[in-house]
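Work through the exercises below with the model open. Try each task before reading its solution.

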Amino acid sequence: MSALRFGPAGGLPAGYARCEAGTVLMRGHRPNKAPDWFGPAVGRAGVHRFDVPLRTADDPGVCYLAPSLEGVLLERVIRDSTVNPLSHATMSREHAITAARLTRDLVLIDLLATLWTVHGVQMPEVAAVPPYGATQQLAQQLTHLTLPQADGAVLWPDGIAYGSRFGAAHECIALWDRAAAALEWGETVSLGVDRNALALACTRLGIGLRE
Amino acid sequence: MVGAVAQFEPLVSDTGVPRPYEAITRISEIVGSRLSTEELVALLATPQVMLRDKTGQPMTPFAALALGETTRVLDLVRWVVTPPDADAPDVATGAHASATA
């Protein structure tokens with residue numbers, strides 16, 4: 001089930017998607033790392049897909065989130081490896097997860113349904129393997145995109161909605177730090193703590209889970 | 001923990017001593033405890049789209065190492081074990097209250 005309402009279905013023009021207040025997003029991270037990190041640091045080069053190429057004080061940082069455990073597994077744990085089955089012990093030791101509840105609606109740039117018809121890019125460009133020069137350039141452009149409102153004001157989108165490179169049906173969100181206050185962070189737990197949920201997510205992804 | 005993975009240089013004579021590729025040591029250092037030995041072997045033994053050969057076919061990292069593509073393999077391994085929070089502040093520092101910079 002989608003966590004996003006696209007275009008007119010979300011009360012927005014085509015090209016944008018709404019993620020409603022109350023939605024829970026998940027952030028995978030190292031157990032000893034802060035979940036609410038919007039990287040890269042100012043002055044550092046971008047590393048990940050929708051980081052800006054070189055972050056200045058005027059550029060937003062990015063926090064990568066997903067509304068599903070599958071999204072977190074694909075983007076954080078599995079990535080370019082083809083490990084199957086996954087190790088519960090490794091996930092418990094090396095990965096943590098923190099949920100964040102949205103305190104307001106997010107307006108996101110839609111790179112899922114209208115990436116070509118509105119934004120002029122196609123899946124191979126958005127889902128290219130690293131290095132992420134092309135998507136980082138795109139992200140840089142998108143940070144300047146504004147959405148005019150009926151009252152003459154402009155709305156600055158909160159980030160980018162995209163599909164995982166490893167399973168495009170799994171929605172992911174690259175959230176800019178202008179929306180940091182929209183996240184109400186919960187407790188950090190080991191990724192392996194809810195073994196049933198993990199096993200279910202692995203089953204849905206068609207991979208095994210071992211000790 | 002990684003400690004049981006090796007790949008050896010081809011022997012140049014039948015009296016030679018097998019020598020492991022130094023890159024495997026570097027890979028083990030990069031991986032640390034983030035992958036089990038089995039997971040690392042699976043990573044190194046599976047064709048990877050980030051490691052295409054001259055014909056465009058994905059190579060396994062083991063095959064790429066044998067062709068001298070050490071840098072590309074190290075980049076791949078570093079990428080796989082370095083998710084987006086690699087530069088994030090440690091929780092213990094309490095710095096994440098302003099973790100946007």
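**Exercise 1. The hairpin**

Task: State which two strands form a hairpin with two residues between them, then place the hairpin in its surroundings.

Solution. This is a predicted model.
- Step 1. Strands E10(A) and E11(A) make the hairpin, with two residues between them.
- Step 2. Check the pairing. E10(A) and strand E11 (residues 167-176) of chain A are antiparallel and share six bridges. One pair to look up is A:Ser164, whose bridge partner in E11(A) is A:Gly167.
- Step 3. Look for another neighbour. Strand E7 (residues 106-110) of chain A runs parallel to E10(A), joined by three bridges. Here A:Ile109 has A:Ile160 of E10(A) as its bridge partner.
- Step 4. Assess burial. Strand E10 (residues 159-164) of chain A is mostly covered, with six of its six residues buried.

**Exercise 2. An open sheet**

Task: Give the strand order of the three-stranded open sheet in chain A and find its edge strands.

Solution.
- Step 1. The order is E3-E6-E12 (chain A), with antiparallel pairing.
- Step 2. E3 and strand E12 (183-190) of chain A are the edges, since each pairs on one side only.
- Step 3. From one strand to the next, the twist averages 25 degrees.
- Step 4. Inspect one pairing. Strand E6 (residues 96-102) of chain A meets E12(A) in the antiparallel sense over six bridges. Within it, A:Ile97 has A:Val189 as its bridge partner in E12(A).

**Exercise 3. Two sides of a helix**

Task: Sort residues of helix H5 (residues 195-205) of chain A into buried and exposed, and explain where the buried ones sit.

Solution.
- Step 1. The buried residues are A:Leu198, A:Ala201 and A:Cys202.
- Step 2. These cover an arc of only 100 degrees around the axis, so they lie on the same side of H5(A).
- Step 3. Turn to the other side of H5(A). There A:Asn196, A:Ala197 and A:Thr203 are exposed.
- Step 4. Find the cover. The buried residues of H5(A) are covered by elements including helix H1 (69-78), strand E5 (86-87), H2 and strand E13 (209-210) of chain A.
- Step 5. Follow the chain onward. Just after H5(A), A:Gly206 has a positive phi of about 80 degrees.

**Exercise 4. Chain A as a whole**

Task: Decide how compact chain A is for its 211 residues.

Solution.
- Step 1. Count the elements: chain A has five helices and 13 strands.
- Step 2. Its radius of gyration is 17 Å, close to the 17 Å from the globule rule, so chain A is as compact as a globular protein of that length.
- Step 3. Take the extents. The C-alpha trace spans about 55 × 35 × 30 Å along its principal axes.
- Step 4. Of the 211 residues of chain A, 46% are buried.
- Step 5. Among contacts in chain A with a separation of 6 or more, 69% join residues 24 or more positions apart.

**Exercise 5. Where the chains meet**

Task: Describe the side of chain A that touches chain B.

Solution.
- Step 1. Chain A supplies 31 residues to the contact and chain B supplies 28 residues.
- Step 2. Two elements of chain A give two or more residues to this side: strand E3 (24-29) and helix H2 (88-94). H2(A) gives the most, with three residues.
- Step 3. Classify the residues on this side of chain A: 11 are nonpolar, 10 polar and 10 charged.

**Exercise 6. One residue in chain B**

Task: Is B:Thr37 buried or partly exposed?

Solution.
- Step 1. Locate B:Thr37 in helix H2 (residues 37-44) of chain B.
- Step 2. With 14 other C-beta atoms within 10 Å, B:Thr37 is partly exposed.
- Step 3. B:Thr37 and B:Val5 are 32 residues apart in sequence, yet 6.9 Å apart in space, C-alpha to C-alpha.

Methods. Residues are numbered from 1 along each chain as its sequence is written. Chains are lettered from A and ligands numbered from 1 in the order in which they are written. This is a predicted model: local features need pLDDT of at least 70, side-chain atom pairs count only at pLDDT 80 or more; totals for chains, interfaces and linings use all residues. Two residues are in contact if their C-beta atoms, placed from the backbone, lie within 7 Å. Helices (H or I, at least four residues) and strands (E, at least two) are DSSP runs, numbered from the N terminus. Ala, Val, Leu, Ile, Met, Phe, Trp, Tyr, Cys and Pro count as nonpolar, Asp, Glu, Lys and Arg as charged, and the others, Gly among them, as polar. A residue is buried if 20 or more other C-beta atoms lie within 10 Å of its own, exposed if 12 or fewer, and partly exposed in between; C-beta atoms are placed from the backbone. The arc is that of the directions from the helix axis to the C-beta atoms. Two strands pair if DSSP finds at least two bridges between them. The radius of gyration is taken over C-alpha atoms; the globule rule is 2.2 Å times the number of residues to the power 0.38. Axes are lines fitted to C-alpha atoms, for helices over the stretch in contact, and angles run from 0 to 180 degrees between N-to-C directions.
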